[in-house]
Amino acid sequence: MSDQIPADRLHLDDLHVGQRFTSAAHTIDEAQIKAFAGQFDPQPFHTDEEAATGTLFKGLAASGWHTAAITMRLNVEGGLPLAGGIIGAGGEINWPTATRPGDTLHVESEVIEVRPSRSKPDRGIAIIVSRTINQRDEIVQTLTAKLVVPRRTAA
């Protein structure tokens, strides 16, 4: 494994407000929803379609944490090409619409703030809003994240 940062990865100095990124897509199915929920969020509306019909969701829905995990994977695999990886320093997450079996999700991210660190000149904070969207153009998750991003070093 190399310590070199791939050339296509972006440093804080490469980012600007309004910059946008779009990930690849992932289709979620009933088996994935139940497997994730069985291990991490074993509530009936995530594990049992019959029991889920009598809940607020009126049918099987993915855990919000499952949607968050898919969002992370899509961003890591190219949706948010940051040097040094995607390193969180806080944020806010919302799930306005449930993720359902058969949904195909992608992530659209936008840089809303770029702030070099005053105390650590090798890095800074980028605030990025990532919207996870299904095939019906419904937003199933909004994540506003403060990310630690390295700066370019002088050659």
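**Questions about the sheet and its turns**

Colleague: Which residue in the turn between E4 and E5 has a positive phi of about 60°?

Modeller: E4 and E5 form a hairpin with 5 residues between them. This is a predicted model, where local features need pLDDT of at least 70, side-chain atom pairs count only at pLDDT 80 or more, and totals for chains, interfaces and linings use all residues. Residues are numbered from 1 along each chain as its sequence is written, while side-chain values use heavy atoms, with hydrogens and water left out. In that turn, the residue with the positive phi is aspartate 137.

Colleague: Thanks! How many bridges pair E4 with E5?

Modeller: Both are strands, meaning DSSP runs of E of at least two residues, numbered from the N terminus. Two strands pair if DSSP finds at least two bridges between them. E4 and E5 are antiparallel, and threonine 132 stands opposite glutamine 141 in E5. The number of bridges is 11.

Colleague: And which residue in E4 stands opposite valine 114?

Modeller: Look at E3 (residues 104–116) and E4 (residues 123–133), which run antiparallel and are joined by 10 bridges. They form a hairpin with 6 residues between them. Glutamate 110 stands opposite valine 129 in E4. Opposite valine 114 is alanine 126.

Colleague: Where do those hairpins sit: what is the strand order in the open sheet?

Modeller: The sheet has 5 strands with antiparallel pairing. Strand E1 (20–27) and strand E2 (87–94) are its edges, each pairing on one side only. The twist averages 20° from one strand to the next, with the axes being lines fitted to C-alpha atoms and angles running from 0 to 180 degrees between N-to-C directions. The order is E1-E3-E4-E5-E2.

Colleague: Which helix packs on the sheet?

Modeller: Helices here are DSSP runs of H or I with at least four residues, and the chain has 4 of them alongside 5 strands. The one in question touches E1, E2, E3, E4 and strand E5 (139–150), contact meaning heavy atoms within 4.5 Å. Its direction makes about 120° with that of E1. It is helix H4 (residues 64–79).

Colleague: Last one: how many of the 11 residues of E4 are buried?

Modeller: A residue is buried under 20% relative accessible area, exposed over 50% and partly exposed in between, using a 1.4 Å probe and protein chains only. Across the 155 residues of the protein chain, 39% count as buried. E4 itself is mostly covered, and its count of buried residues is 9.
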